[in-house]
Amino acid sequence: MRIDIISVVPGLLEGPFSHSILKRAEEKGLATVRVHNLRDYAGGKQKQVDDYAFGGGAGMVMMIEPIAKCIEALKSEREYDEVIYMTPDGKKFDQQMANELSLKENFIILCGHYKGVDERVRLKWITKEISIGDYVLSGGELAAAVVTDAIIRLIPGVLNDESSALTDSFQDGLLAPPVYTRPADYVGMKVPEILMSGHQAKIDTWRFEASVRRTKERRPDLLEGKEI
Ligand code: ADE
């Protein structure tokens, strides 16, 4: 998989992809993330990427030309499955969307800034608009990092123990059960006996029931219309 992220603040994306699981994914050749500075595609001395909104009003709008040049340059090098725009008015990101995107080969993520992009960018190139929640960030970069992380960890071979992505919260529509590690007794706080019994079927049942209980308590909306 290859993800090309277009940003006016590429520095914001320097950290996340050079550590831990995402770094390993790159080293194993399973996922490549490249960040492109939109200013490199801007004309003039000023390298201008934004301008005043027609019709007036506060806030600047990201200009179409630099974005056009950047997207077309990328598209001349390879095929893309999606051109995604990060915006608070996009479709809300969830695990199902992460699963779907993890099956794609290449995509571009355009990070919004200021008052957003010229509407003609959305009409001409954008195939999917994603929001990571009902709040407004100062730009799409952190949202792009969230989406990229959630997708890359699902690519087979990225996590050491592949089954660990399968037992994530949300993967089966339920929250994950509680987990414990050593010591078995911490100042009187004991690990449930069953988890140390070695009886895998009983442990699986305990975990499933604990997942259902936790989901009922914290996210009953996830169980609506489900029979458990
Ligand atoms: N840009 C600003 N806020 C955002 C959000 N909530 N999701 C995606 N992109 C954004």
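Domain bounds, as used here, come from an automatic or database domain assignment. In this predicted model, that assignment divides the protein chain into domain 1, covering residues 2-152, and domain 2, covering residues 167-223, and the C-alpha centres of domain 1 and domain 2 are 37 Å apart.

The largest nonpolar core comprises 31 residues, among which Ile-5 and Ile-152 have the most contacts inside the core. At least two residues of this core are supplied by each of β1 (2-7), α1 (20-27), β5 (82-92), α3 (95-102), β6 (106-111) and α5 (141-152), and the largest share, seven residues, is contributed by α5. For Ile-152, when residues up to four places away in sequence are not counted, the residues touched are Ile-3, Leu-22, Ala-25, Ala-31, Val-33 and Val-158. A second core, separate from the one just described, consists of 20 residues and includes Met-62, Val-83, Val-121 and Ile-126. In soluble globular proteins, nonpolar side chains tend to be buried together.

The ligand is surrounded by 13 residues, of which Thr-87, Ile-132, Gly-133, Tyr-135 and Leu-137 come nearest. Three of the polar approaches to the ligand involve backbone atoms of the protein and nitrogen of the ligand. A backbone N or O atom of Thr-87 is found 3.2 Å from a ligand nitrogen atom, while a polar backbone atom of Ile-132 is 3.0 Å from a nitrogen atom of the ligand; for Leu-137, the distance between a backbone N or O atom and a nitrogen atom of the ligand is 2.9 Å. Of the 260 Å² of accessible area that the ligand has on its own, the protein covers 97%.

Strand β4, which spans residues 60-62, contains Met-60. With a relative accessibility of 22%, Met-60 counts as partly exposed, because the buried class is reserved for values under 20%. Apart from neighbours within four places in sequence, the contacts of Met-60 are with Asp-50, Asp-51, Tyr-52, Tyr-114, Lys-115 and Gly-116. The C-alpha atoms of Met-60 and Val-117 are separated by 9.1 Å, although these two residues are 57 residues apart along the chain.

Several backbone features were also noted. The peptide bond that leads from Arg-182 to Pro-183 is cis, with omega near 0°, and Pro-183 belongs to the loop between α6 (163-166) and β8 (185-186). Ser-20, although not a glycine, has a positive phi of about 50°; this residue is placed in helix α1 and, with a relative accessibility of 56%, counts as exposed, since that class begins over 50%. A positive phi, of about 55°, is likewise found at Lys-47, which is not a glycine either. Lys-47 lies in the loop between β2 (32-37) and β3 (50-52), and its relative accessible area of 35% makes Lys-47 partly exposed.

How values were computed. Residues are numbered from 1 along each chain as its sequence is written. This is a predicted model: local features need pLDDT of at least 70, side-chain atom pairs count only at pLDDT 80 or more; totals for chains, interfaces and linings use all residues. Side-chain values use heavy atoms; hydrogens and water are left out. A nonpolar core is a set of buried Ala, Val, Leu, Ile, Met, Phe, Trp, Tyr and Cys residues joined through side-chain atoms within 4.5 Å. Buried means under 20% relative accessible area, exposed over 50%, partly exposed in between (1.4 Å probe, protein chains only). Helices (H or I, at least four residues) and strands (E, at least two) are DSSP runs, numbered from the N terminus. Contact means heavy atoms within 4.5 Å. A residue is near a molecule or strand if one of its heavy atoms lies within 4 Å of it. A polar contact is a pair of N or O atoms within 3.5 Å; within protein, one must be able to donate a hydrogen and the other to accept it, and residues adjacent in sequence count only if both atoms are side-chain atoms. Accessible areas come from the Shrake-Rupley method with a 1.4 Å probe; for residues, only the protein chains shown count as cover.
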